[in-house]
Amino acid sequence: MSNTLKIVLVILGVSLVLLFMVAGKLISGYNQVIAMDENVKGKWAQVENQLKRRYDLIPNLVESVKGYAKQEKEIFENIAQARTQYFQANNVKSQIKSANVLEGALSRLLLLQERYPDLKAKQSFLKLHDSLEGTENRIAVERKRYNDSCQILYTYIRTNFGRL
């Protein structure tokens, strides 16, 4: 075997090793992105769980307040409309938008207790109010976790695949 053939075979061998290393890195990176994406989806599912819990509490809260605040029809209509929009949303952006609309309507609903002092004393309203506050806190925590996992995913993608 000549020296030239040996050199060609060594270069070819080194090239193959480098090619396998690069391919392994790409496959590993791709698999890691998939795992991170699944984590993001799982975090959003937790946000959805808490939002659904909120939406399940709303009809009871509205019924509790309706007797005291019959003239506040607009607030009740806004809440019902936002709730419907959330369940009809077909993507995350639409769900977030309808959840934000609902938050505004709920804050107005909860402010009604200032106008109707008797409402503050109603035990069922107070329990629902506390449950709703707890749910709002859970939503905030789950949203933060979701946003953190999105940031990790997008940072990984930009730092590892932005150069390709």
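These legends go with several views of a predicted model of one protein chain.

**View 1. The whole chain is built from helices, with 5 of them and 0 strands.** Read from start to end, the pattern is simply α-α-α-α-α. The radius of gyration comes out at 27 Å, while the globule rule would give 15 Å for 164 residues, so the chain is more spread out than a compact globule. Put a box around the C-alpha atoms along the principal axes and you get roughly 100 × 25 × 20 Å.

**View 2. Here is the surface and the packing of the same chain, where 30% of the 164 residues count as buried.** The accessible surface adds up to about 10800 Å², and carbon and sulfur atoms account for 58% of that. As for who touches whom, take the contacts between residues at least 6 apart in sequence: 81% of them join residues at least 24 apart.

**View 3. Helix H1 runs from residue 3 to residue 66, for 64 residues in total.** From its first C-alpha to its last, H1 reaches 93 Å, close to the 94 Å expected at 1.5 Å a residue. Look towards Ile58 for a kink of about 30 degrees. The proline Pro59 comes shortly after that kink.

**View 4. Tyr55 and Tyr86 make a stacked aromatic pair.** Their ring centres sit 4.5 Å from each other, with 25 degrees between the planes; under 30 degrees is what earns the "stacked" label. Tyr55 belongs to helix H1 and Tyr86 to helix H2 (residues 73–88), so this pair ties together parts that are 31 residues apart in sequence. Tyr55 is buried, at a relative accessible area of 0%. Tyr86 counts as buried too, with 2% relative accessibility.

**View 5. Tyr86 also pairs with Phe87, this time edge-to-face.** The two ring centres are 5.3 Å apart and the planes meet at 80 degrees, which is why the pair gets that name. Phe87 counts as partly exposed, because its relative accessibility is 44%, whereas Tyr86 is buried at 2%.

**View 6. Zooming out a little, Tyr55, Tyr86 and Phe87 form one aromatic cluster.** Tyr86 takes part in both pairs shown above, stacked with Tyr55 and edge-to-face with Phe87. A search of the whole structure turns up 4 aromatic pairs, these two among them.

Methods
Residues numbered from 1 in each chain as written. Predicted model: local features only at pLDDT ≥ 70, side-chain atom pairs only at ≥ 80, totals over all residues. Heavy atoms only, no water. Helix = DSSP H or I, 4+ residues; strand = E, 2+ residues; numbered from the N terminus. Expected span 1.5 Å × (residues − 1). Bend = angle between axes of the 7 residues up to and from the residue. Rg over C-alpha atoms; globule rule 2.2 N^0.38 Å. Buried < 20%, exposed > 50% of the residue type's maximum accessible area, 1.4 Å probe, protein only. Contact = heavy atoms within 4.5 Å. Areas by Shrake-Rupley, 256 points an atom, 1.4 Å probe, with all protein chains shown as cover. Phe/Tyr/Trp six-rings, centres within 6.5 Å; stacked < 30°, edge-to-face > 60°.
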